[in-house]
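Please open the model in a viewer and keep the selection tool at hand. The stops below proceed from a loop residue to the cores, a helix, the open and closed spaces, and some backbone details.

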Amino acid sequence: MRIDSHLHLWVNDPEKYPWQPIGGYVPEEDASLARYMKVMGENGVDRAVLVQPTPYGWDNRYLLDCKAADPEKFKAVVLVDPLSGEASQTIRELEEEGADGLRINLQLQPLARWQGEGLNLLLATCTDLQLPICFQTTPEYLGLIGEVAAKFEIPFIVDHLGRPEAGCAPDSHGFKKLINFSDHPNIYVKLSGMNYYSNESAPYRDTWSLLQAAKNQFGADHCIWGSDFPFVEGHWTYAENMALFNDAVGFEDEDLEWIMGETARSIWWDDVCG
């Protein structure tokens with residue numbers, strides 16, 4: 001079983017799916033479901049977790065339309081305005097429409113904005129709905145993730161290894177803040193987006209020790225592969241990204257079964273192998 005746990009889809013159709021960017025960019029080329037399904041077929045990927053891209057903002061319609069095309073194959077991680085008074089009601093409505101998780105982009109707001117009760121209320125609602133939470137973050141927000149993971153018993157997934165400082169070593173302060181969470185049974189890490197924390201070009205050899213350290217500390221059953229499609233195709237290839245994990249980093253076959261599929265399957269699908 002191969003599951004891509006982190007990718008984004010969009011189409012340039014502003015009349016049907018208008019751009020409402022919250023992250024500072026609007027795509028110029030399509031990253032459509034049809035395009036991605038071709039990539040899946042070419043690379044032997046069985047299932048995928050679709051993550052709402054910031055150009056659509058809080059409008060998750062294209063994401064949920066893509067999931068609806070094959071609900072057994074796809075799961076949908078949505079965005080809501082997490083600091084709005086309507087966030088809890090909105091996530092309840094989205095869960096009824098097919099949402100399977102929530103992503104919170106912590107780095108888009110100062111840390112102080114997340115200290116109020118609004119975030120706790122939203123996470124309590126997600127706990128009630130049993131929706132996993134994906135965090136896009138940088139090291140300065142990791143303490144907050146540790147705090148909420150101790151309060152709420154749902155999976156918390158740190159995207160892109162928490163985006164540590166580019167070129168850092170496993171013993172760097174920022175990365176050690178992530179590693180210190182390995183005793184939290186509900187914290188998972190995505191081994192993804194190496195270009196964000198590398199000083200090199202692909203295959204980003206200066207990140208391999210971080211990937212290995214994360215696996216060693218958290219265990220393969222708490223590590224998740226994600227391609228970061230379509231962004232991966234702007235600086236590498238999808239196939240080369242998969243090959244890095246399958247061949248180059250040095251993970252054992254048993255670990256790869258978890259990293260490349262079983263961990264995501266245990267979080268988002270019910271048909272878990274015992």
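**Starting in a loop**

Select N180 first: with 54% relative accessibility, N180 counts as exposed (exposed means over 50% relative accessible area, buried under 20%, and partly exposed in between, with a 1.4 Å probe and protein chains only). N180 is found in the loop between α6 and β7; helices (H or I, at least four residues) and strands (E, at least two) are DSSP runs, numbered from the N terminus. Add E140 to the selection: the two residues are 40 apart along the chain, and 14 Å separates the C-alpha atoms of N180 and E140.

This is a predicted model, in which local features need pLDDT of at least 70 and side-chain atom pairs count only at pLDDT 80 or more, while totals for chains, interfaces and linings use all residues. Residues are numbered from 1 along each chain as its sequence is written, and side-chain values use heavy atoms, with hydrogens and water left out.

**The nonpolar cores**

Next, select Y36, I104, F156, L161, L191, L211 and F245. These residues have the most contacts inside the largest nonpolar core, which has 81 residues (a nonpolar core is a set of buried Ala, Val, Leu, Ile, Met, Phe, Trp, Tyr and Cys residues joined through side-chain atoms within 4.5 Å). Helix α7 (residues 208-218) gives the most to this core, with 6 residues.

Centre the view on I104. Apart from neighbours within four places in sequence, I104 is in contact with P82, W114, L119, L122, L123, I133, C134, F135 and Q136, where contact means heavy atoms within 4.5 Å. A second, separate core has 12 residues, including V49, C134, Y188 and I267.

**Helix α3**

Which residues of helix α3 are buried? In α3 (residues 87-97) they are A87, I91 and L94. Looking down the axis of α3, one finds these buried residues within an arc of 60°, so they line one face of the helix; the arc is that of the directions from the helix axis to the C-beta atoms. An α-helix has 3.6 residues a turn, so residues three or four places apart point the same way.

Show the surroundings as well: the cover over the buried residues of α3 includes α2 (61-68), β3 (74-78), β4 (101-105) and α4 (117-129). After α3 comes G98, with a positive phi near 125°.

**Pockets and a cavity**

On a 1 Å grid over the protein atoms alone, a cavity is a set of points where a 1.4 Å probe fits but cannot get out, and a pocket is an open set with protein on both sides within 12 Å along at least five of seven lines; lining residues have an atom within 4 Å of a point. Grid points are joined across faces, edges and corners, and a volume is the space filled by probe spheres set on the points.

The largest pocket has a volume of about 240 Å³. Select Y25, T54, R103, Q136 and R163, the closest to its centre of the 17 residues that line this pocket. The lining comprises 5 nonpolar, 9 polar and 3 charged residues (Ala, Val, Leu, Ile, Met, Phe, Trp, Tyr, Cys and Pro count as nonpolar, Asp, Glu, Lys and Arg as charged, and the others, Gly among them, as polar).

The second largest pocket, of about 150 Å³, has 13 lining residues, of which K75, D100, Q130, I267 and W268 are the closest to its centre. Helix α9 (residues 253-268) supplies the largest share of this lining, 3 residues.

How many cavities of 30 Å³ or more does the whole structure hold? The search finds 1, and the largest cavity contains about 40 Å³ of space. To display its lining, select G193, M194, N195, Y204, S227, D228, V232, H235, W236 and N241.

**Backbone details**

Two peptide bonds deserve a look. A202 and P203 are joined by a cis peptide bond with omega of about 15°, and P203 lies in the loop between β7 (187-191) and α7. The bond from F229 to P230 is also cis, with omega near 0°; P230 lies in the loop between β8 (223-225) and α8 (238-248).

Finally, select Q130 and L161. Q130, in the loop between α4 and β5 (133-136), has a positive phi near 60° and is exposed, at 51% relative accessible area. L161, in the loop between β6 (156-158) and α6 (173-179), has a positive phi of about 55° but counts as buried, at 1% relative accessibility.
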